[in-house]
Amino acid sequence: MAEAAVASRWRRHGTGRRSTHTVRLRTSAALAAVTVLVVLLVPPLVQLDQQAVDLAAKLRPPSWRHPFGTDDVGRDLLLRCVYGLRVSLLVGVAAALTATVIGTAVGATAGALGGWADRAVMRLVDTVSSVPHLLLGIFIVAMFRPGVWPVVVSVALTHWLSTARIVRAEVLSLRSRPHIDAAVSGGASRWRVAVRHLLPAVAPQAALAAVLMVPHAMWHESALSFLGLGLPTHTASLGTLIQGARGSLLAGQWWPTLFPGLFLIVPTLAVAGLAGAWRERINPRRRSELTL
């Protein structure tokens with residue numbers, strides 16, 4: 001009887017965890033879908049100039065005409081947030097893909113070669129990791145004129161390290177597998193083994209790292225733009241919107257800061273939820289823990 005009661009309690013616990021997991025996954029998918037639709041559909045459907053200045057309507061609170069209110073020069077804040085999200089997503093996706101390519105190449109090379117080459121590459125990774133990301137990003141972006149691509153380069157060159165470590169660990173684990181030993185014993189070169197066996201096996205982990213890096217890159221871009229070192233002030237990004245709203249916040253106008261911040265937080269939560277589900281799918285151990 002006691003064992004049956006314990007088993008029943010564990011089954012109910014597992015069912016509750018699976019239900020919570022399903023709700024979280026569906027909520028994250030819905031938020032991600034809404035974000036994509038807003039970015040793709042609002043600019044062509046709403047035939048308004050997001051740079052249009054109306055000083056007579058500056059700093060108006062949210063209303064039916066302006067659901068998110070207006071900024072300090074009378075521009076519609078909802079439209080500005082949508083355009084800012086487009087730019088921030090562009091920076092985040094481009095930087096994440098570039099950083100993932102660099103990290104995958106470095107990690108796979110270190111893991112496949114091994115020996116002194118592996119030790120030299122990982123010492124380089126440790127050296128770069130010892131410098132704070134934001135400080136190194138400021139140094140890189142300061143060497144260029146303000147723009148989108150300097151920010152992409154800055155974020156990419158400071159965020160490939162974790163991907164390199166993940167890929168290297170996966171490659172070292174795969175090198176001891178029987179099919180890798182069989183390929184090497186059959187005369188396959190290291191290049192062929194890496195391209196045909198190692199890279200396809202680490203691709204899911206690298207893709208997951210790229211997805212998780214997108215919101216991180218968006219926050220990094222926002223930090224640089226908030227400091228005045230990222231995008232030009234006339235370019236609508238979430239960072240420049242928050243930076244331009246500092247004076248309004250001190251004066252008691254909360255909406256120019258709140259809504260760009262929400263546009264930054266919502267995609268982050270959506271990507272985190274989807275990436276968590278993806279991690280559980282490619283990691284059988286975590287998936288099996290959900291059934292306990």
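## How α2, α4 and α5 pack

α2 and α5 are oblique to each other, and the reason is in the geometry: their axes cross at roughly 40° and come within 8 Å. An angle counts as roughly parallel under 35 degrees and as roughly perpendicular from 65 to 115, so this pair falls in the oblique class. The hand of the α2 and α5 crossing is right-handed. All of this comes from a predicted model, so keep that in mind as you read on.

Which residues make the α2 and α5 contact? From α2 the list is Val-87, Leu-90, Val-91, Ala-94, Ala-95, Thr-98, Ala-99 and Ile-102. They meet Val-148, Trp-149, Val-151, Val-152, Val-155, Ala-156 and Leu-157 of α5.

α5, which spans residues 148–158, also packs against α4, with the axes 9 Å apart and an angle of about 145°. This crossing, too, is right-handed. On the α4 side you'll find His-133, Leu-136, Gly-137, Ile-140 and Val-141, and they meet Pro-150, Val-151, Ser-154, Leu-157 and Thr-158 in α5. Val-151 and Leu-157 of α5 turn up in both lists, meeting α2 as well as α4.

## The chain as a whole

Stepping back, the chain is built from 12 helices and 0 strands, so reading from the N terminus you get α after α. Of its 292 residues, 39% are buried. As for contacts with a separation of 6 or more, 70% of them join residues 24 or more positions apart.

## α3 and its two sides

Helix α3 takes in residues 115–129, which is 15 residues. From first C-alpha to last, α3 reaches 21 Å, close to the 21 Å expected at 1.5 Å a residue.

Which residues of α3 are buried? They are Ala-117, Asp-118, Met-122, Val-125 and Val-128. These buried residues cover an arc of only 120° around the axis, so they sit on the same side of α3. Look to the other side of α3 and you'll see Trp-116 and Arg-119, both exposed. The cover over the buried residues of α3 includes α2 (77–113), α4 (133–141) and α6 (161–174).

## Two residues of α8

α8 runs over residues 190–226 and holds Pro-200. Pro-200 has 46% relative accessibility, so it counts as partly exposed. Once neighbours within four places in sequence are set aside, Pro-200 is in contact with Ala-194 and Val-195.

His-220 is another residue of α8. Is His-220 buried or exposed? His-220 is buried, because its relative accessible area is 8% and the cut-off for buried is under 20%. Neighbours within four places aside, His-220 is in contact with His-133, Leu-134, Gly-137, Val-155, Thr-158 and His-159. Some of these names are familiar from the α4 and α5 packing: His-133 and Gly-137 in α4, plus Thr-158 in α5, are listed there too. Further along the chain, Gly-230 is 10 residues from His-220, and the two C-alpha atoms are separated by 9.5 Å.

## A positive phi at Leu-59

One last spot to look at is Leu-59, which has a positive phi of about 50° although it is not a glycine. Where is Leu-59? Leu-59 is in the loop between α1 (2–45) and α2. Its relative accessible area is 23%, so Leu-59 is partly exposed.

Key
Residues are numbered from 1 along each chain as its sequence is written. This is a predicted model: local features need pLDDT of at least 70, side-chain atom pairs count only at pLDDT 80 or more; totals for chains, interfaces and linings use all residues. Side-chain values use heavy atoms; hydrogens and water are left out. Helices (H or I, at least four residues) and strands (E, at least two) are DSSP runs, numbered from the N terminus. The expected span of a helix is 1.5 Å times one less than its number of residues. Buried means under 20% relative accessible area, exposed over 50%, partly exposed in between (1.4 Å probe, protein chains only). The arc is that of the directions from the helix axis to the C-beta atoms. Contact means heavy atoms within 4.5 Å. Axes are lines fitted to C-alpha atoms, for helices over the stretch in contact, and angles run from 0 to 180 degrees between N-to-C directions. Angles under 35 degrees count as roughly parallel, over 145 as roughly antiparallel, 65 to 115 as roughly perpendicular and the rest as oblique. A crossing is left-handed if the near helix is turned anticlockwise from the far one by less than a right angle, and right-handed if clockwise.
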